[in-house]
Amino acid sequence: MKLLIVFTAIVAVALAAPADDGAATVVKFENDQKVDGYNVAYETSNGISGAEQAQLKTFADDVAAIVVKGQYSYTGADGVVYSLNYVADENGFQPEGAHLPRV
């Protein structure tokens with residue numbers, strides 16, 4: 001299931017790239033699955049890259065969840081490199097990037 005989510009994310013990022021990047025290939029893919037989490041990293045020949053780490057966190061005696069931290073970057077059609085860092089935990093999904101509005 002986790003691999004499917006990662007694959008879907010990679011495809012989504014690749015589809016968001018400009019049309020001339022259709023020949024891009026995956027040049028790096030690391031996938032380390034553990035009992036209490038995982039580490040994934042990828043890079044494509046057109047400069048898209050990302051990494052994600054997840055760890056099982058116990059919040060109470062009977063409550064546990066996966067906490068995820070990650071980042072990805074790509075070059076937009078305007079030539080600007082966009083980078084996003086994120087955390088997904090008990091406080092929800094929290095993205096940060098220079099191109100995102102701050103609340």
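**Exercise 1. Which residue of β3 does E43 stand opposite?**

This is a predicted model, so keep that in mind as you work through it.

*Solution.* Start with the strands themselves. β2 covers residues 37–44, and β3 covers residues 49–60. The two pair in the antiparallel sense, over seven bridges. Now look across from E43: the residue opposite is S49 in β3. To finish, trace the chain between the strands. β2 and β3 form a hairpin with four residues between them, and G47 in that turn has a positive phi of about 95 degrees.

**Exercise 2. Find the other neighbour of β2. How many bridges join β1 and β2?**

*Solution.* Take β1 first, at residues 26–34. β1 and β2 pair over eight bridges, in the antiparallel sense. For one concrete spot, pick F29: its bridge partner in β2 is Y42. Then check the link, where you'll find a hairpin with two residues between β1 and β2. So how covered is β2? Six of its eight residues are buried, which makes the strand mostly covered.

**Exercise 3. Work out how the rings of Y72 and Y74 are arranged, then do the same for Y74 and Y82.**

*Solution.* You need two values here, because a pair of aromatic rings is described by the distance of the centres and the angle of the planes. The structure holds three aromatic pairs.

- Step one: the ring centres of Y72 and Y74 are 6.4 Å apart and the planes are at 15 degrees, so this pair is stacked.
- Step two: for Y74 and Y82, the centres are 5.6 Å apart and the planes are at 25 degrees, so this pair is stacked too.
- Step three: put the pieces together, and Y72, Y74 and Y82 form one aromatic cluster.

**Exercise 4. Is Y82 buried or exposed? Sort Y72 and Y74 as well.**

*Solution.* The cut-off for buried is under 20% relative accessible area. Y82 has 19%, so Y82 is buried. Y72 has 26% relative accessibility, so Y72 counts as partly exposed. Y74, also at 26%, counts as partly exposed.

**Exercise 5. Zoom out and describe the whole protein.**

*Solution.* Count the elements: there are one helix and six strands. Read from the N terminus, they run α-β-β-β-β-β-β. Next, burial: buried residues make up 24% of the 103 residues. Then the surface: the protein exposes about 7,100 Å², with 58% of it supplied by carbon and sulfur atoms. Last, contacts: among those between residues at least 6 apart in sequence, 17% join residues at least 24 apart.

Notes: Residues numbered from 1 in each chain as written. Predicted model: local features only at pLDDT ≥ 70, side-chain atom pairs only at ≥ 80, totals over all residues. Heavy atoms only, no water. Phe/Tyr/Trp six-rings, centres within 6.5 Å; stacked < 30°, edge-to-face > 60°. Buried < 20%, exposed > 50% of the residue type's maximum accessible area, 1.4 Å probe, protein only. Pairing = 2+ DSSP bridges. Contact = heavy atoms within 4.5 Å. Areas by Shrake-Rupley, 256 points an atom, 1.4 Å probe, with all protein chains shown as cover.
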